[in-house]
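Q: I'd like a close look at one part of this model rather than a tour of everything. Please pick one spot, work outward from there, and tell me what surrounds it.

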Amino acid sequence: MSLTPPGLAQGDLLAGWRVTAVEAAVDHLRVTLAQGDDALTLGARPASGSRHRGPWDVADAVVYHEATALPFARFDAAGRSLARRVADAGGGSPGDMLSRWIRSLAPPLSADAESTRTGPERGPRADGSAPWQVIMRRALTDRPGASVHLSAFFDELPPWPCVLPWTRLELNEGGRFGPCCSEYQASAAGAPPDADPVALWNGPAMRAFRRAMVLDRHPEPCRRSCPVLHAGSDRAGDVVLRGGPQASVEAQVAAVEDILAGREEMRAGPLSLVVSTTSYCNYDCLMCDCGERGTLDDERTDAFWFGVRAMLPGLRLLSANGGEPLASPAFRRFLEGTDFAPYPQLEVALTTNGSYLTARQLERLARVPFGHLTLSLNAATPATYLAVNRGLPWERIRENLDEVVRRRADGSLRASVSYSMVLLRSNVHEVDAFAALAERDGAEVRYLLPHRDRNHESIMTRRDAMESAREALARVAEGLLRRGREREARVVTGSARVLSDRLRRGVLTVL
């Protein structure tokens, strides 16, 4: 669900196509349409810097459609209709159009409202009408489903290489924690399983990350192999703000103020909480030892999840991984027993092997506000899937994937989906086919570089395997760019750049 500005809202029609969602950022607009059983996504982005053109370009904007099997004649009129709306917004780029839309959400301010101006004023979009905090509150408060990138509110944002230390707390398997995956931290901090996430959030480790991000050099707590830093995919402008109750919006406003100021101590809790629910996994993947050594003895307890419930009013995202997250009975009890209705801003995300996503289990979790599912498939063919994952046969997992696809199509599951592949010697030949599989199922695609060298599967110790992966990732990224999926392409490119950097320096060791 996304921001629905005046002039283009859910339920509107574009040449007979009903608008079901609008996603807007300062440099990108995506509009999802439906007509009967057919679905379609149109987009608009600034022409400047774009190597590709769209069939309905207008003024300074590229207006295009994402890949679809529908004949062009079915939606040509809808594309022309969107192009007219872009032009009618007053010219300029989709970013300019969005900026005007956001401001039109708020009526003129009184003198009393003007007195609420507080906090840093780094680069607000200057039209003289209101401080950014007021505009942001009016755009988001009591607007469930609203979604907008932080870049929409500002002409200039801090150059911090990564803003995860201000927005995200991740409690990893093995008792390690930080703002991200511990594998990309130079020295991950430790915490007992029952540690209080609120205390960790402003503890020494997280403060050190924030302090390092504002310095004009590579942040010392981060490994140089971090693909997020190489891709620049989690900078200030990439922060997504979501509408909802006042408590959630105030937490986001406070976080933005702290990001702008580069503060070490946060005044509100994390916007995103990532939790490893247990080390246990019912698979024994070639590159991961959770299937071999994992145990339910370390699962987060019912008491832990009771504490997480207290954090829900300020959370924008609750993400679970493992091991296999759904293998934890306590986590399943939390999902099935929590009333999420008072927290319309909250999305729940899972990183899962998909084995638990049966029709029966999905029905039991129907009230959970899933926003994203990352399915660790690691293969594009049945034989490679079984050889790499060493779990259910492909036919069984394909049934679960089909159920996910079906529920997304009928609207009973509103989550976006990513298919994930860890790049190994046994699957690197399927990088392109994996992208095609994800495309057919309407999923995004994610590639991860392997850590360690379990079963001698790491591509990082062989130049030919790294070269093959780098070239394939470049092809995938190019295809994503052609379809207007810039952010997804940036992430894929980040992994390719890590490989390029290591090949250039002759580094043939495991991460």
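A: Let's start at Pro-158, which counts as buried because its relative accessibility is 5%, and the cut-off for buried is under 20%. Keep in mind that this is a predicted model. Pro-158 belongs to the loop that runs between β6 (147-149) and α5 (164-167). Where does that loop meet something from elsewhere in the sequence? One place is Leu-260: it sits 102 residues away from Pro-158 along the chain, yet the two C-alpha atoms are 6.2 Å apart. That sort of long-range meeting turns up across the chain as well: of the contacts between residues at least 6 apart in sequence, 67% join residues at least 24 apart.

Leu-260 takes us to α9, which spans 246-261. Carry on past the end of that helix and you reach Ala-268, in the loop between α9 and β11. If you set aside the neighbours within four places in sequence, Ala-268 is in contact with Trp-201, Ala-251 and Ala-254. Ala-251 and Ala-254 both fall in the 246-261 range of α9, while Trp-201 is at the end of α6 (197-201). Asp-258 is also worth a glance: it is 10 residues from Ala-268 along the chain, and their C-alpha atoms are 9.4 Å apart.

Following that loop onward brings us to β11, and with it to the sheet. This is an open, nine-stranded sheet with mixed pairing, and its strands come in the order β9-β8-β7-β11-β12-β13-β14-β15-β16. The edge positions go to β9 (189-190) and β16 (444-448); each has a single partner strand, so one side of each has no neighbour in the sheet. Against this sheet packs helix α11 (302-311), which touches β7 (168-171), β11 (272-276) and β12 (317-321). The helix direction makes about 170° with that of β11, on a scale that runs from 0 to 180 degrees between N-to-C directions.

α11 also matters for the second largest pocket, a space of about 180 Å³. Its lining has 14 residues, and the ones closest to the centre are Asp-194, Ala-195, Pro-197, Ala-303 and Phe-304. With five residues, α11 gives the most to that lining. α6 and α11 each supply at least two lining residues, so you meet α6 again here, the helix whose 197-201 range takes in Trp-201 from a moment ago. By residue class, the lining splits into eight nonpolar, two polar and four charged.

Back on the sheet, the loops that follow its strands hold some backbone geometry you may want to check. After β12, in the loop leading to α12 (329-337), comes Gly-323. The peptide bond from Gly-322 to Gly-323 is cis, with omega near 25°. Further along the order, β14 (residues 370-376) and β15 (residues 416-422) run parallel and are joined by five bridges. One pair to find on screen is Ser-376, which stands opposite Ser-420 in β15.

Which residue in the loop between β14 and α14 (382-389) deserves a look? Asn-378 sits there, and its phi is near 65°, a positive value in a residue other than glycine. Asn-378 counts as buried, because its relative accessibility is 2%. Now set Arg-452 beside it. Arg-452 lies in the loop between β16 and α17 (463-482). Its phi is also near 65°, again positive and not in a glycine. Arg-452, though, is partly exposed, with a relative accessible area of 43%.

For a contrast from elsewhere in the chain, look at β3 (residues 28-35) and β4 (residues 38-46), which pair in the antiparallel sense over seven bridges. The two form a hairpin with two residues between them, and here the positive phi, about 65°, belongs to Gly-36 in the turn. Gln-35 has Asp-38 as its bridge partner in β4. β4 also pairs in the antiparallel sense with β5 (residues 61-65), over five bridges, with Arg-45 opposite Val-62 in β5.

To put all that in its setting, the chain has 18 helices and 16 strands, and of its 511 residues 54% count as buried. Pro-158, where we began, is among the buried ones.

Notes: Residues numbered from 1 in each chain as written. Predicted model: local features only at pLDDT ≥ 70, side-chain atom pairs only at ≥ 80, totals over all residues. Heavy atoms only, no water. Pairing = 2+ DSSP bridges. Helix = DSSP H or I, 4+ residues; strand = E, 2+ residues; numbered from the N terminus. Contact = heavy atoms within 4.5 Å. Buried < 20%, exposed > 50% of the residue type's maximum accessible area, 1.4 Å probe, protein only. 1 Å grid on protein atoms, 1.4 Å probe; cavity = no way out; pocket = protein on both sides within 12 Å on 5 of 7 lines; lining within 4 Å. Points joined across faces, edges and corners; volume = space filled by probe spheres on them. Nonpolar A, V, L, I, M, F, W, Y, C, P; charged D, E, K, R; others polar.
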